[in-house]
Amino acid sequence: MLRLAALVAVVAAASAYLFVFPHEDRLTRADALVVLAGGRDERLDEGLALMRRGLARTLVISDGRAPGWRNGNRLCAGRTSLRVLCFYPRPYSTRGEARGMALLAAEHGWRSLIVVTSAYHVRRARMLFRRCFHGRVEAVASQPDLRHFVIGVAYEWPKYAYERLISRDC
């Protein structure tokens with residue numbers, strides 16, 4: 001019983017360090033700000049707030065044309081005063097988003113990015129973007145509701161372990 005309690009304590013502490021309170025970068029002005037797919041409005045709201053602060057010239061939305069995502073669809077349709085680019089990642093994963101952004105960055109001459117994602121996803125997203133994009137990458141967390149946060153942490157554990165221990169490429 002004591003071993004089980006110790007294991008639970010270790011997993012809880014590691015989860016807090018890796019996913020609950022991730023290191024966020026001190027944000028500076030960047031060429032583009034990318035909102036990753038998944039968290040949708042929670043991530044997009046954070047990205048828009050950062051755009052209003054003037055932290056990037058271009059807002060990039062991953063899978064912004066997804067059916068049913070009203071806010072993403074509106075922005076991708078050009079109904080905004082912001083410069084917005086939308087793309088569909090291939091493969092549909094964080095790695096696909098990092099690869100797609102590296103291609104967009106090369107096409108547009110971008111040397112710096114701000115990545116907006118959910119708190120539980122910051123550490124892995126930053127790692128993948130730094131592997132694929134060879135400019136400055138800063139990551140910032142948006143805060144999902146508790147249900148999505150708990151589910152996100154559960155899914156993030158194996159994905160993070162895979163990226164840290166097995167897959168080391170872009």
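This report walks through the sheet, the nonpolar cores, one loop residue and the largest pocket of a predicted model.

## The sheet

Let's start with the strands. Five of them make up an open sheet with parallel pairing, and their order is 3-2-1-4-5. Strand 3 and strand 5 (136-142) sit at the edges, each pairing on one side only. From one strand to the next, the twist averages 25°.

Strand 1 (residues 30-35) and strand 2 (residues 56-62) are a good pair to display on their own: five bridges join them in the parallel sense. Look for Leu-33 there, as its bridge partner in strand 2 is Leu-59. Helix 2 (residues 41-52) lies across strand 1, strand 2, strand 4 (112-118) and strand 5, and runs at about 145° to strand 4.

## Nonpolar cores

The largest nonpolar core holds 21 residues, and those touching the most other members are Leu-33, Leu-44, Leu-50, Leu-59, Ile-61 and Ile-114. Two or more residues come from each of strand 1, helix 2, strand 2, helix 3, strand 3 and strand 4. Helix 2 gives the most, with four residues.

Leu-50 is a handy residue to centre your view on. Leaving aside residues up to four places away in sequence, Leu-50 touches Leu-27, Leu-33, Leu-55, Ile-114, Val-116 and Val-140. There is also a second, separate core of 19 residues, which includes Leu-104, Ala-105, Phe-133 and Val-137.

## Leu-82 in its loop

Now for a loop residue. Leu-82 is found between helix 3 (70-76) and strand 3 (83-87). Is Leu-82 buried, partly exposed or exposed? Its relative accessibility is 30%, so Leu-82 counts as partly exposed; the buried class needs a value under 20%, and the exposed class a value over 50%.

Residues up to four places away in sequence aside, Leu-82 touches Leu-48, Met-51 and Leu-59. Leu-59 is also the bridge partner of Leu-33. Another residue to show beside Leu-82 is Thr-58: 24 residues apart along the chain, the two have C-alpha atoms separated by 7.2 Å.

## The largest pocket

If you are thinking about pockets, the largest one contains about 550 Å³ of space. Its lining is made of 24 residues, with Ala-37, Gly-38, Arg-43, Tyr-120 and Lys-159 lying nearest the centre.

Which elements give two or more residues to this lining? They are helix 2, helix 4 (94-108) and helix 6 (146-165). Helix 6 supplies the largest share, eight residues. Helix 2, then, turns up both in this lining and in the largest nonpolar core.

Notes:
Residues are numbered from 1 along each chain as its sequence is written. This is a predicted model: local features need pLDDT of at least 70, side-chain atom pairs count only at pLDDT 80 or more; totals for chains, interfaces and linings use all residues. Side-chain values use heavy atoms; hydrogens and water are left out. Buried means under 20% relative accessible area, exposed over 50%, partly exposed in between (1.4 Å probe, protein chains only). Contact means heavy atoms within 4.5 Å. Two strands pair if DSSP finds at least two bridges between them. Axes are lines fitted to C-alpha atoms, for helices over the stretch in contact, and angles run from 0 to 180 degrees between N-to-C directions. A nonpolar core is a set of buried Ala, Val, Leu, Ile, Met, Phe, Trp, Tyr and Cys residues joined through side-chain atoms within 4.5 Å. On a 1 Å grid over the protein atoms alone, a cavity is a set of points where a 1.4 Å probe fits but cannot get out, and a pocket is an open set with protein on both sides within 12 Å along at least five of seven lines; lining residues have an atom within 4 Å of a point. Grid points are joined across faces, edges and corners, and a volume is the space filled by probe spheres set on the points.
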